[in-house]
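Welcome! Let us take a short walk through this structure, part by part.

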Amino acid sequence: MKTPYFYLLIFVTVIFSQVNPEIGLRDRTPHVYAFINARIVVSPGNEIQQGTIVVRDQKIVEIGKNVGIPKDARILDMTGKTIYPGFIDMYVETPIAKPVVKSAYPHWNSRVHPETTPTLANLKDEDADALRKAGFTTALLVPEKGIFRGNGQLVNLGDEKNNALTGSVSSQWIAFEHGSWADETYPNSLLGTIALIRQSFFDANWYGEALNAWINYPAENPKPQTDDALQTLATHLSGNSPFVFKVDDDINALRALKLSTQFDLPPWMAGSGYEYRRIDEIAQSSPFIILPLNFPAAPDVTAEEYAIDVSLRDLRHWDIAPDNPRILDEHEISFALTSAKLKDRSRFKKNVLHSVYRGLDKDKALSSLTVIPAKQLGVHHILGTLESGKYANLLVTDGDYFDEGTKILSVWVEGHEFVQDDTGNKVSVQGAWIGALAESQWTYKFSLSETNGTYSGSVNHDTTKVSLDKLKYEPPFVFFSFQGEELPGLDKGIYRYSGINIDGNITGTLIAPDGTPSRMTLVSEVSDEEQKEQTKSDFPPKSNLKTRYPEGAFGLDGPPETYDDVIIENATIWTSSDSGILENASIWIKNGKFYKVGQNINAPRSAEIIDARGKTITPGLIDCHSHTALHAVNEGTQSITSEVRIKDVINPNDIAIYRELAGGLTMANLFHGSANAIGGQNAVVKLKWGQTADEMIYQNAPEGIKFALGENVKQSNWGDNYTTRYPQTRMGVDQIIRDGFSAAREYQQKWEEYTALSKREQKKIAPPRTDLELDALSEILKGQRLVHCHSYRQDEILNLMRIAEDFDFRIRTFQHILEGYKVADAMSKHGAGGSTFSDWWAYKFEVYDAIPYNAALMHEQGVLVSINSDSNELARRMNLEAAKAVKYGNVSKEDALKMVTLYPAQQLKIDQWVGSIEPGKDADFVIWSGDPLSVYTKCEQTWIDGMNYFDLDKDLEMRRRDAEERQTLIQKVLITPDKNGENGHEWRAPNYLEHSCGTEVGR
């Protein structure tokens, strides 16, 4: 039973909901509407024909087939119209010039502001209007800038600026945003962005623990410094609410999913349209994706001079992209469609239809705009379907939404109409029509035309033609009159016709001169050619392409073929082991490992046999200093950036991987650049073309890190605008490194003291804050992370070894080390290796003393020496770089080859698995046409883990394949009707050589 207090609440709400003073008469018009005779799509797959919806104020109060119409309702006849639930866009970026509430205690990094929340007031009026025109009645507003950007705010797209919907699922939005090389504020690279995201999550978890410890045990704990950002993140994490990662491609999607897994977050993403490229890997995480329909424009290939700038990867993406929603659905990935990333939202409907044309189920498409977003946002009880009690958010069309010719006539938001097409059912009446009188054998041809808004026409039978008088078209109504006496079956006098243009026919009544009414329907007479033209789609023919790995030229249809057994016979084998060079020998490879090496090997019948007569086999080449396949190289804003990780920014799609395989390279040590005294963590990879970044990383390799000395670190060669970052001198480099390790020792001590406490004591005290920068430095002190240092001058080389000895660790390798020949004895004593250029010198002042005999002289002093590339281009011929050690210093040919096989493996502490051809080691090897140190020799095959990743003959086949496919796609582009592009802007060839890191500081 409702109490009087309940009715008082209703009374107060009604009377006092208006707080502004009324000017003039008060509007007491009831906000009650009855939509009758409509095709109502209640939810996907659930329709009511000739149904009624009653709306009172903001809500639907009744819906069905036989619904009573309230006396105070305004009746709207929806004959010929369809009503859908209003669409929900889950991703609308919103500019926020100033936060609604400025944080009193902001985060130290200006790109971290999760406490920010947009409102409808932040959304531009033209953007709100464009959303409504596309059929959206509700939107999740998202701050458009930052790394931790802020909360999403769900709003109905009405006129009220405070239309926030309470009770929806809270979502935090994250983007891989960073500055450019010219920016001095952290982060200026993708490396730093990912590290900052990880550190912020650790900080938020720690902040929550520290705050609780202070509240519960104030005597034992200091109050943590107030930080609104960390407080927001901690609260959000504790509620298991989604963090939505905005991603721009398939590689960033995998990065986002890794972060979600690491921090146990619901895997939500604002997608990119490139998901199909790594669909299997993405599907493994069962993510929820807010999916854009930003299909690319048709590239300009009208002239060969233009076409040459269009890569095969771009052509393939143009062809495959509209299949992306269907592919996600086939892999059972839940998604909601969004108009985000469309320059022109008026193309949204066309792109939805294009997806359906490409095989996306219509009901699935509708669900992804209504039911799915409503459920994901926790508002399915008020949005997403047309049911009693839900908001009156309606989408009204003049037909089936999924028909190309259907228009959106209006949307209703909370019971208020926003007209989108004020022409109503203004379908053209121009053309030829056939009219038949009911209960009569006579038919007549009508011809209607329009010129500058004035209509004219005629009615014909055989050769008789009579003009139509007073022809008017007031959509959807058609009126005209004509003299009937000359037409068979009609009487003398004037006939009057009144009809309504619905569903392509004009249905009405013809009044005879004596007042007798007769039903007459005019049916459009369409010629065969006109019918073909009307049904012709603007969409290009469906794609028959299959995804390649990676996409583009030289992409593979799948992983290389695997073999249980492979026998290579009759080869000259340079083993890079104590066995030396074997003539006319064989190798048995079993399950990806070298099984037997030597003469007289009996092959199993099932083995794959390769006759290598006249060929030479060597271990796969290893480059100990590379920046291949990276989306960022330097985080150059700080002198110590040990928290950043190269493995976070590997780009497995880099064509340099394939080119280096063609030169016999199988492994590379991927380094951070040399912009910092202590840079980022390195990654050792196998060049597994077509695999993901994670699959490329060699798990057996110990962790490492890049240090640097000299001009790059103190910014002496950066230009006059870079003179403020400490250090600016070599003395400062010494001090910043020492300071970092001193801090790491203190950090270790704090953790040791905490872990020494009993579990009972630990419950009362907040743990030390996890510091990713100091974690990496602590691992060096513990001997768990190898140090590789960019270096040139002998004085700095000696000084760093002394620093290392002061802190009781060793330098594993000095990189470049062009003055290593001067201090080789000290390096040998310290235990440091040298990874050097073969013959580089004079490219900057601190390398003027470099000599090409450097590798040989260090080798003579017992230093473990490798020769590296530091260059995507040079890494294609590491065998010839090794050969220079023979010319400059008379190093034996076997030892020269070891400088790019066994010795770099030893420097990286992976020689028990790779670097030589010995039983039990990974089957990484190269088949050469001759002497591997000869300029006339070609790499014919490159194998990794017993799989063929490069084959000279297959390379030629792929070149022919790609050339044919390219021309086929160009022809398809040329015949495509829609040249403007699905994303509403002109295509521009992207520069795939651009790195997000900006200028590389590496040498």
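The domain assignment divides parts of the protein chain into domain 1 (433–526), domain 2 (554–620 + 915–945) and domain 3 (621–914); such bounds come from an automatic or database domain assignment. Between the C-alpha centres of domain 1 and domain 2 there are 86 Å. Please keep in mind that this is a predicted model, in which local features need pLDDT of at least 70 and side-chain atom pairs count only at pLDDT 80 or more, while totals for chains, interfaces and linings use all residues. Residues are numbered from 1 along each chain as its sequence is written, and side-chain values use heavy atoms, with hydrogens and water left out.

**Two enclosed helices**

Helices (H or I, at least four residues) and strands (E, at least two) are DSSP runs, numbered from the N terminus. Burial is told from relative accessible area: buried means under 20%, exposed over 50%, and partly exposed in between, using a 1.4 Å probe and protein chains only.

Let us start with helix α18 (residues 772–781). Of its 10 residues, 7 are buried, so α18 is largely enclosed by the rest of the structure. Those buried residues are Leu772, Leu774, Ala776, Leu777, Ser778, Ile780 and Leu781. What do the buried residues of α18 pack against? Their neighbours are α3 (190–216), β34 (678–681), β36 (704–708), α16 (730–755) and β37 (786–791), where contact means heavy atoms within 4.5 Å.

Ser778 lets us look at one place in this helix. With a relative accessibility of 3%, Ser778 counts as buried. If neighbours within four places in sequence are left aside, Ser778 is in contact with Ala744, Tyr747 and Gln748.

The ends of α18 have their own details. At the N-terminal end, Asp771 acts as a cap, with a side-chain oxygen 3.0 Å from the backbone nitrogen of Glu773. This is judged as a polar contact, a pair of N or O atoms within 3.5 Å; within protein, one must be able to donate a hydrogen and the other to accept it, and residues adjacent in sequence count only if both atoms are side-chain atoms. Just after α18 comes Gly783, which takes a positive phi of about 80°.

Helix α8 (residues 312–320) is another enclosed element: 9 of its 9 residues are buried, so the rest of the structure largely encloses α8. The buried residues of α8 include Arg313, Asp314, Arg316, His317 and Asp319, along with Leu312, Leu315, Trp318 and Ile320. Among the elements covering them are α9 (324–330) and α25 (952–974).

**Two open sheets**

Strands of a sheet pair through backbone hydrogen bonds, either parallel or antiparallel. Here, two strands pair if DSSP finds at least two bridges between them.

One open sheet has 9 strands in the order β21-β20-β19-β18-β26-β25-β24-β23-β22, with antiparallel pairing. At its edges stand β21 (464–467) and β22 (469–474); each has a single partner strand, so one side of each is left without a neighbour in the sheet. From one strand to the next, the twist averages 25°, with axes taken as lines fitted to C-alpha atoms (for helices over the stretch in contact) and angles running from 0 to 180 degrees between N-to-C directions. β22 is joined to strand β23 (residues 477–483) by 4 bridges, and the two run antiparallel. Lys472 stands opposite Phe479 in β23.

Another open sheet is formed by 3 strands in the order β32-β33-β35, with mixed pairing. β32 (621–626) and β35 (683–686) are the edge strands, each with a single partner, so one side of each has no neighbour in the sheet. The twist in this sheet averages 20° from one strand to the next. Over 4 bridges, β32 pairs in the parallel sense with strand β33 (residues 665–670). Leu621 has Leu665 in β33 as its bridge partner.

**Aromatic pairs**

Rings of Phe, Tyr and Trp (its six-membered ring) pair if their centres lie within 6.5 Å; planes under 30 degrees apart count as stacked, over 60 as edge-to-face and the rest as tilted. By this rule there are 41 aromatic pairs, including these two:

| Pair | Arrangement | Centre to centre | Angle between planes |
|---|---|---|---|
| Tyr792 and Tyr843 | edge-to-face | 6.3 Å | 75° |
| Phe837 and Trp840 | stacked | 4.1 Å | 15° |

Tyr792 lies in the loop between β37 and α19 (794–806) and Tyr843 in the loop between β39 (833–836) and α21 (854–860), so their pair ties together parts that are 51 residues apart in sequence. Tyr792 is buried at 1% relative accessibility, whereas Tyr843 is partly exposed at 31%. In the stacked pair, Phe837 is buried at 2% and Trp840 is partly exposed at 22%. Elsewhere, Tyr84, Phe87, Phe136, Phe348, Tyr401 and Phe402 form one aromatic cluster.
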